[in-house]
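I set out to record what the coordinates show about surface, fold, core and a few individual residues. The entries follow in the order in which I looked things up.

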Amino acid sequence: MSTDQPQEENENTPVEAGDQGAPLSSESTELHDSAEGNVEGVVASTDGETAETAETTEDVPQLTLGSGAESDESADIEEKEYVQPTIRGRIDKFGTAIGTGRRKTSVARVRVKDGNGKFTVNGREMKDFFCIERDQKMVMDPVVAVGEQGKIDIWVRVNGGGITGQTGAVVLGIARALQAKNESYHPTLAEGGFLTRDDRMVERKKYGLAKARKSFQFSKR
């Protein structure tokens, strides 16, 4: 009797689905087939995406940097129209270049003609009228910039304002007269800033203040 009991226990033990030799159920086979189908779909979708990306990369034009781009830029520069500079001065019937300069409240009327470098301001020599070396250099800067020192005579009549304002007015007047004398001087004079009118003025005094901004001393009592 004792020998038959183990055999009955072995017969009653259930067989696991994952054991070797045991047949798979229909549900497990369906799950296996669906998983394989999903994997095949993912692989197909990735293949399609790679093909689409390859097509898009083929459609994009390749940009190359070379002589072609440089030639296009040079062509655009050549196509730009030449802008005629504005001439503020004039030439009178005697061939003298005339220019008018202003700075603050000063006005300078300048005449330039071919000569040997004579510079007269209000009937006096330039160095006698402008005693400060800085002012002497400033009024000669436009002439030196275009290389006309010692080749022209300059006659100036200036009035109004102080020494600083008169110096700025003379510089602008000389630059405009030189521009009228020779239009090719325009780039050099413009680059040096000699043709720019300095429009800074003294700010007016305000009512209730000592000056334009300065106020009187405050007294609490």
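**Surface and fold**

I began with the accessible surface of the protein, which comes to about 16,900 Å², with 51% of it belonging to carbon and sulfur atoms. I note here that the model is a predicted one. Of the 221 residues in the protein, 24% are buried.

I then went through the secondary structure and found seven helices and six strands. Along the sequence, the pattern reads α-α-α-β-β-β-β-β-α-α-β-α-α. For the contacts with a separation of 6 or more, I noted that 66% join residues 24 or more positions apart.

**Nonpolar core**

In soluble globular proteins, nonpolar side chains tend to be buried together. I therefore looked up the largest nonpolar core, and it holds 27 residues. Phe-119, Ile-154, Val-156, Val-170 and Leu-178 touch the most other members. At least two residues each come from E3, E4, helix H4 (126-129), helix H5 (133-145), strand E6 (152-159) and helix H6 (163-181). The largest contribution is that of H6, with seven residues.

I next listed the neighbours of Val-156, leaving out residues up to four places away in sequence. Val-156 touches Ala-108, Arg-109 and Val-110, then Phe-119, Thr-120, Val-121 and Asn-122, and also Val-170. Two of these names, Phe-119 and Val-170, I had already entered among the core residues that touch the most other members.

**Aromatic pair**

How many aromatic pairs does the structure hold? I found one. The ring centres of Phe-129 and Phe-130 lie 4.9 Å apart with the planes at 85°, so I entered the pair as edge-to-face. The cut-off that decides this is an angle over 60 degrees. Both Phe-129 and Phe-130 are buried.

**Positive phi**

Most residues other than glycine have a negative phi. I therefore noted two exceptions, beginning with Lys-104, whose phi is positive and near 55°. Lys-104 sits in the loop between strand E2 (97-103) and strand E3 (106-114). Its relative accessible area is 34%, so I entered Lys-104 as partly exposed.

The second entry is Asn-122, with a positive phi near 50°. Where does Asn-122 lie? Its place is the loop between strand E4 (119-121) and strand E5 (124-125). Asn-122 has 33% relative accessibility and therefore counts as partly exposed. I add that Asn-122 is also one of the residues touched by Val-156.

Key: Residues numbered from 1 in each chain as written. Predicted model: local features only at pLDDT ≥ 70, side-chain atom pairs only at ≥ 80, totals over all residues. Heavy atoms only, no water. Phe/Tyr/Trp six-rings, centres within 6.5 Å; stacked < 30°, edge-to-face > 60°. Buried < 20%, exposed > 50% of the residue type's maximum accessible area, 1.4 Å probe, protein only. Helix = DSSP H or I, 4+ residues; strand = E, 2+ residues; numbered from the N terminus. Contact = heavy atoms within 4.5 Å. Areas by Shrake-Rupley, 256 points an atom, 1.4 Å probe, with all protein chains shown as cover. Core = buried A, V, L, I, M, F, W, Y, C linked by side-chain atoms within 4.5 Å.
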